[in-house]
Amino acid sequence: MPSVLYARSDLHWTKRTYARHRRRAEHSESGMNQYLNAAVGAAREAGELLRKYFSGPLKVNVEEAHDIKLELDVRSQELITNLLLKEFPDHAILGEEGSEENTSTEFEWVIDPIDGTVNYFYGIPHFCISIALRERGEIIVGVIYDPMRDELWSAVRGEKAYLNGRVIEVSKHTELAQAVVSVGMSKTLDEVEIGLSIFKDLLHKARKCRMMGSAALDLAYVATGRYDAYIERSVNWWDIAAGVLLVECAGGKLAIEPSKVIEGKLSVIGWNGIIARDLLTKVYP
Ligand code: IPD
Ligand code: CA
Ligand code: CA
């Protein structure tokens with residue numbers, strides 16, 4: 001936490017003044033850098049853990065028709081959470097593998113410790129760690145790390161998006177016919193059915209459709225201009241929070257609404273902001 005602007009001589013300050021100055025300190029460049037560095041450090045450490053156990057024997061905690069949960073999902077989240085809370089003990093955590101609420105803070109880390117667990121389990125090197133920080137609900141920092149390709153994406157609200165230190169931008173394609181679109185299908189039968197109908201429709205209209213199994217990397221790829229759009233009708237905040245900020249900072253657009261497939265989840269479209277949005281949305285529930 002950056003040093004707070006509150007000293008003995010300032011004791012006459014009202015609580016509101018104190019809060020305003022504290023917020024300004026936290027928003028200062030060094031404050032934001034501290035958040036960003038913490039997220040990058042935690043993502044890299046978790047990445048090391050995932051690289052170490054990749055392709056090795058893995059303990060499965062839960063196995064479902066279209067999903068797998070590993071002991072390593074939990075270990076990765078514990079590692080990330082411990083690192084972040086060590087530095088920011090009063091911050092809250094919203095993670096796929098568990099949350100730590102704290103009503104007295106405005107800061108919440110949103111963590112997916114392995115996005116693409118099924119890929120990871122089957123030895124497919126396409127998965128990542130996704131870490132975002134929200135302040136009063138607004139995403140202010142986003143980091144996604146693909147440990148197999150050593151690709152690290154980062155963004156701070158109001159600034160540019162980066163991949164391994166290089167500025168990235170969304171694609172310039174104007175037509176759906178030129179576009180590569182990634183469609184996520186999530187996990188349950190209903191989600192898969194919707195995903196399939198979107199995929200089938202876009203397969204005829206876009207240059208190519210893809211389904212690679214990591215929502216966070218889908219958004220990172222949109223931010224990098226590798227994909228032109230990503231659509232999924234049923235995701236959670238931990239799947240997309242960091243990627244949403246990357247796409248925004250890379251000049252793209254997002255359409256996020258409550259999911260009509262599963263209550264409490266989200267429907268998301270992230271795209272270059274140039275291709276007409278209704279071409280990406282019009283036929284789907
Ligand atoms: C899943 C992946 C997948 C997406 C699902 C997510 P997980 O996350 O991002 O691509 O289609 O909606 O739940 O379970 O691997 O963390
Ligand atoms: Ca996920
Ligand atoms: Ca996950």
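Two strands are taken to pair when DSSP finds at least two bridges between them. By that criterion strand E14 (residues 253–258) and strand E15 pair in the antiparallel sense, over six bridges, and in this pairing Trp271 of E15 is the bridge partner of Lys253. The model is a predicted one, and the account below moves outward from this pair of strands to the sheet that holds them, then to the helices and to the second sheet.

On another side of the description, E15 also pairs with strand E13 (residues 229–235), again in the antiparallel sense, here over five bridges, with Leu266 in E15 as the bridge partner of Val235. Five of the six residues of E15, which spans residues 266–271, are buried, so this strand is largely enclosed by the rest of the structure.

These strands belong to an open sheet of five strands, whose order is E12-E11-E13-E15-E14 and whose pairing is mixed. Its edges are formed by strand E12 (208–210) and by E14, each of which pairs on one side only. Neighbouring strands of the sheet are turned against each other by 15° on average, with direction ignored. The mixed character can be followed at E13, for whereas E13 and E15 pair in the antiparallel sense, strand E11 (residues 180–183) and E13 run parallel and are joined by three bridges. Within that parallel pairing, the bridge partner of Val183 is Ile231 in E13.

Helix H6 lies across E11, E13 and E15 of this sheet, and it runs at about 155° to E13. The helix is mostly covered, ten of its ten residues being buried; among them are Leu217, Asp218, Tyr221 and Thr224. Just after H6, Gly225 takes a positive phi of about 85°.

From H6 (residues 215–224) the path leads to helix H7 (residues 237–249), since the two helices pack with their axes 8 Å apart and at an angle of about 0°. That angle makes H6 roughly parallel to H7. On the H6 side the contact is made by Ala215, Ala216, Leu219, Ala220, Val222 and Ala223, which meet Asp239, Ile240, Ala242, Gly243, Val244, Leu246 and Val247 in H7. By class, the residues of this contact divide into eleven nonpolar, one polar and one charged.

H7 in turn leads to the second sheet to be described, for H7 lies across strand E3 (92–95), strand E5 (107–115), strand E6 (128–135), strand E7 (138–146), E8 and E9, and runs at about 100° to E7. The strands named here are part of an open sheet of eight strands with the order E4-E3-E5-E6-E7-E8-E9-E10 and with mixed pairing. Strand E4 (98–100) and strand E10 (166–168) are its edge strands, each pairing on one side only, and the twist from one strand to the next averages 20°.

Toward the E4 edge, E3 and E4 form a hairpin with two residues between them; the two strands run antiparallel and are joined by three bridges, with Gly95 standing opposite Gly98 in E4. E3 is also joined to E5, by four bridges and in a parallel arrangement, where the bridge partner of Ile93 is Trp109 in E5. The side chains of E3 alternate along the strand, so that Ile93 and Gly95 point to one face and are buried, while Ala92 and Leu94 point to the other and are not. Further along the sheet order, strand E8 (residues 151–156) and strand E9 (residues 161–163) pair in the antiparallel sense over three bridges, and Ala155 stands opposite Ala161 in E9.Elements of both sheets come together around ligand 1, because E5 and E13 each supply at least two residues of its shell. Of the 14 residues around ligand 1, those that come nearest are Asp115, Thr117, Gly184, Ser186 and Ala215. The shell is made up, by class, of three nonpolar, six polar and five charged residues.

Taken as a whole, the protein has eight helices and 15 strands. Buried residues make up 41% of its 285 residues, and among the contacts with a separation of 6 or more, 65% are between residues 24 or more positions apart.

Technical notes: Residues numbered from 1 in each chain as written. Chains lettered and ligands numbered in written order. Predicted model: local features only at pLDDT ≥ 70, side-chain atom pairs only at ≥ 80, totals over all residues. Axes fitted to C-alpha atoms, helices over the stretch in contact; angles between N-to-C directions. Parallel < 35°, antiparallel > 145°, perpendicular 65-115°, else oblique. Contact = placed C-beta atoms within 7 Å. Nonpolar A, V, L, I, M, F, W, Y, C, P; charged D, E, K, R; others polar. Buried ≥ 20, exposed ≤ 12 C-beta atoms within 10 Å, placed from the backbone. Near = placed C-beta within 6 Å.
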